[in-house]
Amino acid sequence: MKSLFALFGNPVHHSKSPLMHNLAFQKLGYDGCYTRWLLKEGARLRETFLALDLKGANITVPHKEAAFEAADIVEDFAAEVRAVNTLVLKEGKLYGYNTDAPGFYRALQKLGEVKTALIMGAGGTARALSLYLRSQGIDVEVVNRSAGRLEWFKAEGFVCHTWEGFDATPKDVVINTTSAGLEDNSLPMPKALLDAALAQAKYAVDVIYGKETPFLEEAKRLNLPHFDGSEMLLQQGIIAFDYFTDHRYTLDEIEKAMRPFLNL
Ligand code: NDP
């Protein structure tokens, strides 16, 4: 019987995950089908997953914390950041994983050597990336619009800033994890803040993909090497696919099957 998979989030209309996973199913000869499912904030994630008879799902904004709550068993790293982006049903139990951070790290390694990073934003993605990058020996600072979400980072021992009076020190990479620029009507980040953050960086990376955000426009204007979230999307998808298909293929095989979606 065909195994069904979905992406849950709001918005999901822009997502390329179905294209990426369906291409890999087809190329690797796996009998699966992946679709996207708009789920409003507060919706019953676990019930929806089970009602749709899914084998697995990816979870995006704003449901990663809800997915953490919905899972029966959560791998250590996802539990630490309380953010799950991959759910898999195995023997009646929902397993939760976070593939964003290891996927992002795999993407970052393609840039060159990175020892220091500034993360803009303090949501689920920022939590996952900050801890994971630190575990790989990268020194991380965080800057966010409001103070509330920075409490977690302070408790974890990260140097944190709000926008007000922010004065960046030089960093190898500046990473935008805010959803500013995701939707055309989202409020842009102040240009002065972007300039302060990017002025002395070597690279700029946005986790949003498929569009040039004001953050990437500014990086381009400053002639900084930069990339959007496409490589991260690919790399987190490779690791999720590995969980979805119970480690049936090597990561290299999955990457080879999936990578062409970037040019579709
Ligand atoms: P969250 O909702 O958990 O956090 C959003 C963060 O963005 C908060 O820090 C919030 O600040 C900030 N923010 C929202 N709007 C604005 C704005 N207009 N100006 C400045 N800051 C803003 O989201 P996630 O961390 O889960 O996801 C963030 C982004 O990462 C999304 O765009 C998502 O699509 C992308 N993503 C991409 C992936 C990929 O594979 N390429 C994988 C995972 C995520 P405040 O606290 O002040 O509200």
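**A guided tour of the predicted model**

Select Asn176 first: leaving out residues up to four places away in sequence, Asn176 touches Met120, Met189, Val205, Asp206, Val207 and Phe215. The structure on the screen is a predicted model. Asn176 belongs to strand S10. Is Asn176 buried or exposed? Its relative accessibility is 0%, and since buried means under 20% relative accessible area, Asn176 counts as buried. Display the side chains of Asn176 and Thr178 as sticks: a polar contact of 2.9 Å joins them.

**The parallel sheet**

Next, colour the strands around Asn176. Strand S10 (residues 173-176) runs parallel to strand S7 (residues 116-120), and 4 bridges join the two. One of the residues to pick here is Met120, whose bridge partner in S10 is Asn176. Now select helix H6 (residues 124-135), which packs on the sheet and touches S7, S10 and strand S8 (139-144). The direction of H6 makes about 170° with that of S7. Helix H8 (residues 191-198) also packs on the sheet, where it touches S7, S8, S10 and strand S11 (203-206). For H8, the angle to the direction of S7 is about 165°.

Widen the selection to the whole sheet. It is an open sheet of 6 strands with parallel pairing, in the order S9-S8-S7-S10-S11-S12. Why is one side of S9 and of S12 left without a neighbour in the sheet? Strand S9 (159-162) and strand S12 (226-227) stand at the edges and each has a single partner strand, so one side of each has no neighbour there.

**Asp172, in the loop leading to S10**

Move to Asp172, which is in the loop between S9 and S10. Its relative accessible area is 11%; because buried means under 20%, Asp172 is classed as buried. Draw a distance from a polar atom of the Asp172 side chain to the backbone nitrogen of Lys115: the value is 2.6 Å. Residues up to four places away in sequence aside, Asp172 touches Glu113, Val114, Lys115, Thr116, Ala201, Lys202 and Tyr203.

**The ligand**

Now select the ligand and show its surroundings. Which residues come nearest to the ligand? Of the 27 residues around the ligand, the nearest are Ala122, Ser146, Arg149, Leu187 and Val207. Three distances are worth displaying:

- From a nitrogen atom of the ligand to a backbone N or O atom of Val207, the distance is 2.7 Å.
- From an oxygen atom of the ligand to an N or O atom in the side chain of Arg145, the distance is 2.9 Å.
- From an oxygen atom of the ligand to a polar backbone atom of Gly123, the distance is 3.5 Å.

How much of the ligand does the protein bury? The ligand taken alone exposes 940 Å², and the protein buries 89% of that. Val207 also appeared at the opening stop, among the residues that Asn176 touches.

**The mixed sheet**

Turn to another open sheet of 6 strands, which has mixed pairing and the order S2-S1-S3-S5-S6-S4. Its edge strands are strand S2 (32-38) and strand S4 (73-74), each of which pairs on one side only. Select strand S1 (residues 3-9), which runs parallel to S2 and is joined to it by 7 bridges. Within this pair, Gly9 stands opposite Leu38 in S2. Helix H1 (residues 17-28) packs on this sheet, touching S1, S2 and strand S3 (56-59), and its direction makes about 170° with that of S2.

Continue to the other edge. S4 and strand S6 (residues 93-97) run parallel and are joined by 2 bridges; Ile73 has Tyr95 as its bridge partner in S6. In contrast, strand S5 (residues 86-90) and S6 pair in the antiparallel sense over 5 bridges. Lys90 stands opposite Lys93 in S6. The hairpin of S5 and S6 has 2 residues between the strands, and in this hairpin Glu91 takes a positive phi near 45°.

**Last stop: Gly96**

Finally, select Gly96 in strand S6. Gly96 is buried, with a relative accessible area of 0%. Apart from its neighbours within four places in sequence, Gly96 is in contact with Ala71, Ile73, Val74, Glu75, Ala78, Val84, Thr86 and Leu87. To end, draw a distance between the C-alpha atoms of Gly96 and Ala155: these residues are 59 apart along the chain, and the two atoms are separated by 24 Å.

Conventions. Residues numbered from 1 in each chain as written. Predicted model: local features only at pLDDT ≥ 70, side-chain atom pairs only at ≥ 80, totals over all residues. Heavy atoms only, no water. Pairing = 2+ DSSP bridges. Contact = heavy atoms within 4.5 Å. Axes fitted to C-alpha atoms, helices over the stretch in contact; angles between N-to-C directions. Near = heavy atom within 4 Å. Polar contact = N/O pair within 3.5 Å; in protein donor to acceptor, adjacent residues only side chain to side chain. Areas by Shrake-Rupley, 256 points an atom, 1.4 Å probe, with all protein chains shown as cover. Buried < 20%, exposed > 50% of the residue type's maximum accessible area, 1.4 Å probe, protein only.
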